[in-house]
Amino acid sequence: MTTITQKIVPHLWFDKEAKEAAAFYTSVFPDSQISSEIVIKDTPSGDCDLVSFDLWGQRFMAISAGPYFSFNPSISFMVNFDPARDKNAASQMEAVWEKLSDGGQVLMPLDTYPFSEKYGWIQDKYGLSWQLILTNPEGEERPPILPSMMFIGENVGKAEEAVQFYLSVFKNSKEGVSAKYPAGMEPNQEGTVMFSDFMLENVWLTAMDSALNHGFQFNEAVSLLVNCDTQEEIDDYFENLSAVPEAEQCGWLKDKYGVSWQISPKAMDEMMSEKATQEQIDRVNKAMMPMKKLDIETLRKAYEG
């Protein structure tokens, strides 16, 4: 089994369905597998399933931790079907759309749009959103799955600023493409971002503005977990990203746009994996619970007992 080492990992918060959803997603996308499943006992939400899984080259994590947050389309996942990579891209796209539609809700029908000969936006049966697109294969290749941020409400018009901010926080980063709204696309303002993509630590993401009245905002249901090698790195990300002191808990923080991040030592992968004993997992979890910013040394001592 190939191990995906990924600095930034999308993290999905479910009420009870993390294991079931991971099994579903790995059945929908090609080259996908569940890499680990553990139980974290005695959390404020009771016993929680924690699942790591890979979808088409993108590592995800999911937790069942109670009915506190619901998915919405402010963070969705863009799925590129590239005819240059696979001659069956169009039929593969239809098959994935079919599976995600089961019990789901269509936000934009699978159809031809000015920006793509085939595109659709769907919310699956768990509420998670996916944008499926038949990509134009001429540009630089992008990975199949990219986390996608939509700047709406009080954030509208800030996509470009946010991308520059993230590029400044993450050392290994670069800008990709950017397309602006032309005049005549009200309520979207001319010059705001219709689509852009950018790379942080070898993970590609997308960002866009939308001035439509959506009635939702970024929340903790989808967060971005950053795997750090050192305490210094954890300290840096915390200092640069955290903008809401009351949201700081167990390594979680919120940035100035309301996006949730988890700043975590890479060593947690081992401490919270199937290799660890239940006692070790319980000790690490107990040590972590009172922390805001995570302390690697304290967690390692708890792990080693």
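# Helix packing and buried residues

Tutor: Start with helix α6 (residues 278-288), whose buried residues are Q280, I281, V284, N285, A287 and M288.

Student: What puts these buried residues on the same side of α6?

Tutor: They cover an arc of only 160 degrees around the axis, so they sit on the same side of α6. The arc is that of the directions from the helix axis to the C-beta atoms. Buried means under 20% relative accessible area, exposed over 50%, and partly exposed in between (1.4 Å probe, protein chains only). Helices (H or I, at least four residues) and strands (E, at least two) are DSSP runs, numbered from the N terminus.

Student: What kind of model is this?

Tutor: It is a predicted model, where local features need pLDDT of at least 70 and side-chain atom pairs count only at pLDDT 80 or more, while totals for chains, interfaces and linings use all residues. Residues are numbered from 1 along each chain as its sequence is written, and side-chain values use heavy atoms, leaving out hydrogens and water.

Student: Which exposed residues does the other face of α6 carry?

Tutor: E279 and K286, on the face turned away from the buried side. The buried residues of α6 pack against β2 (33-43), α5 (268-271) and α7 (296-304). Contact means heavy atoms within 4.5 Å.

Student: Why are α6 and α7 called roughly antiparallel?

Tutor: Look at the angle. α6 and α7 pack at about 150 degrees, with their axes 8 Å apart. Axes are lines fitted to C-alpha atoms, for helices over the stretch in contact, and angles run from 0 to 180 degrees between N-to-C directions. Under 35 degrees counts as roughly parallel, over 145 as roughly antiparallel, 65 to 115 as roughly perpendicular, and the rest as oblique. Therefore α6 and α7 are roughly antiparallel. Q280, R283, V284, A287 and M288 of α6 meet L299, A302, Y303 and E304 of α7. By class, this contact has six nonpolar, one polar and two charged residues. Here Ala, Val, Leu, Ile, Met, Phe, Trp, Tyr, Cys and Pro count as nonpolar, Asp, Glu, Lys and Arg as charged, and the others, Gly among them, as polar.

Student: How do you know that the buried residues of α7 line one face?

Tutor: First, the residues: I296, L299, A302 and Y303 are buried in α7. Seen down the axis, they fall within an arc of 130 degrees, so they line one face of the helix. K301 and E304 are exposed on the other side of α7.

Student: Why are α1 and α2 also given the label roughly antiparallel?

Tutor: Helix α1 (residues 18-28) and helix α2 (residues 89-101) pack at about 160 degrees, with axes 10 Å apart. By that angle, α1 and α2 are therefore roughly antiparallel. The contact joins F24, S27 and V28 of α1 to V96, K99 and L100 of α2.

Student: What makes V259 count as buried?

Tutor: Its relative accessibility is 1%, so V259 counts as buried. V259 is in the loop between β14 (252-254) and β15 (260-265). Not counting residues up to four places away in sequence, V259 touches I75, M149, Y166, F218, L224, L253 and K254.

Student: And why is D197 called buried?

Tutor: D197 has a relative accessible area of 4%, so D197 is buried. D197 lies in strand β11 (residues 193-200). Among the residues D197 touches, leaving out those up to four places away in sequence, are R142, E175 and W204.
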